[in-house]
Amino acid sequence: MGSIIGQMQALFLLVILLPPEAGAEEIIGGIKSKPHSRPYMAHLKISSRGNIYSCGGFLISQQFVLTAAHCKGRKITVILGAHDLTQKEDTWQKLEVTEQFVHPNYNPFTNLNDIMLLKLQSKVTLTRSVNTIPLPTASTFIQPGRMCRAAGWGRTGVLEPASDILREVKLRIMDENACDNYQAYNNKLQLCVGNPRKIRSAYKGDSGGPLLCAGVAQGIVSYGRFNAQPPAVFTRISPYVPWIKEILNKK
């Protein structure tokens with residue numbers, strides 16, 4: 001009975017945090033990124049059940065973008081090479097997604113295995129403004145205390161609108177105990193990110209964006225508290241590297 005109650009509580013938490021049309025997390029307390037300094041960043045426009053919303057993602061090969069599984073939708077359009085979404089530039093490469101590979105063990109009730117690969121309609125042209133980012137090895141297990149960065153176009157405050165300009169924020173990887181309030185948290189598959197004493201966090205608008213540690217994508221923005229109080233939960237990428245490689249090699 002206790003486990004059933006726990007699952008119901010976890011479900012209630014996720015319903016609050018992750019309305020399906022809203023995306024989930026992005027940047028509070030950050031700064032504007034230098035234009036085109038993060039050429040792997042992808043902006044996702046998602047159509048789902050008659051609604052349109054946004055997520056983030058990041059380019060890991062010439063034809064694949066990595067993002068969160070809860071960003072899946074009926075139709076996804078990806079923009080690469082963007083900085084200000086209101087100012088179209090020659091750097092932009094806009095492509096449709098032809099296949100969505102949601103992790104087979106993704107659980108929308110607990111948000112475990114919140115990871116998805118997107119196959120683009122064609123290979124992108126790699127430029128100074130559009131390029132890939134390396135992934136960790138499968139054996140990597142990044143430790144608490146590391147300072148990393150998240151980036152995206154999401155809200156800059158609980159009551160603020162999404163940002164048109166790419167922003168980024170420094171976030172610390174916390175000990176798993178800091179995420180005790182998240183009943184479904186699994187430290188083997190997820191990262192606990194953001195110092196609870198700092199007003200810096202991921203927030204609504206661009207789930208699926210990367211957590212970068214020393215130039216390597218170690219996490220994917222997944223979910224957090226409704227009031228944006230850190231820490232938030234990111235998908236840990238390293239356990240999924242064999243699955244990612246399997247799909248890339250087949251396609």
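Begin by selecting H103 in this predicted model. The residue is found in the loop that connects β6 (93-102) with β7 (116-120). H103 counts as buried because its relative accessibility is 10%, below the 20% limit for that class. Next, display the residues around H103: apart from neighbours within four places in sequence, its contacts are N113, I115, Y240 and W243.

From this loop, turn to the strands on either side. β6 and β7 belong to a closed barrel of 6 strands, which can be followed in the order β2-β3-β4-β7-β6-β5 with antiparallel pairing. From one strand to the next, the twist averages 40°. Colour β2 (residues 41-48) and β3 (residues 51-59) to examine one pairing in the barrel: the two run antiparallel and are joined by 8 bridges. Within this pairing, select K45 and then S54 in β3, its bridge partner. Now add helix α2 (residues 241-250), which lies across β4, β6 and β7 and runs at about 20° to β7.

The next stop concerns aromatic rings. How many aromatic pairs does the structure hold? There are 2. Select F64 and F101 for a tilted pair, with 6.3 Å from centre to centre and 40° between the planes. Because F64 lies in strand β4 (residues 64-67) and F101 in strand β6, this pair ties together parts that are 37 residues apart in sequence. F64 counts as buried because its relative accessibility is 3%; F101 is also buried, with a relative accessible area of 15%.

Select Y182 and Y223 for an edge-to-face pair, in which the centres are 5.4 Å apart and the planes meet at 90°. This pair links distant parts of the chain, 41 residues apart: Y182 is in the loop between β9 (167-172) and β10, while Y223 is in strand β12 (residues 216-223). Both tyrosines, Y182 and Y223, are buried.

Continue from that loop into strand β10 (residues 190-193) and show its side chains. Q190 and C192 point one way, L191 and V193 point the other way, and all are buried. Then bring in strand β13 (residues 232-236), which pairs with β10 in the antiparallel sense over 4 bridges. Opposite L191 stands F234 in β13.

Finish with R236 and F141. Where does the charged end of R236 sit? It is placed over the ring of F141, 3.8 Å from the ring's centre.

Notes: Residues are numbered from 1 along each chain as its sequence is written. This is a predicted model: local features need pLDDT of at least 70, side-chain atom pairs count only at pLDDT 80 or more; totals for chains, interfaces and linings use all residues. Side-chain values use heavy atoms; hydrogens and water are left out. Buried means under 20% relative accessible area, exposed over 50%, partly exposed in between (1.4 Å probe, protein chains only). Contact means heavy atoms within 4.5 Å. Two strands pair if DSSP finds at least two bridges between them. Rings of Phe, Tyr and Trp (its six-membered ring) pair if their centres lie within 6.5 Å; planes under 30 degrees apart count as stacked, over 60 as edge-to-face and the rest as tilted. A charge sits over a ring if NZ of Lys or CZ of Arg is within 6 Å of the ring centre and within 35 degrees of the ring normal. Axes are lines fitted to C-alpha atoms, for helices over the stretch in contact, and angles run from 0 to 180 degrees between N-to-C directions.
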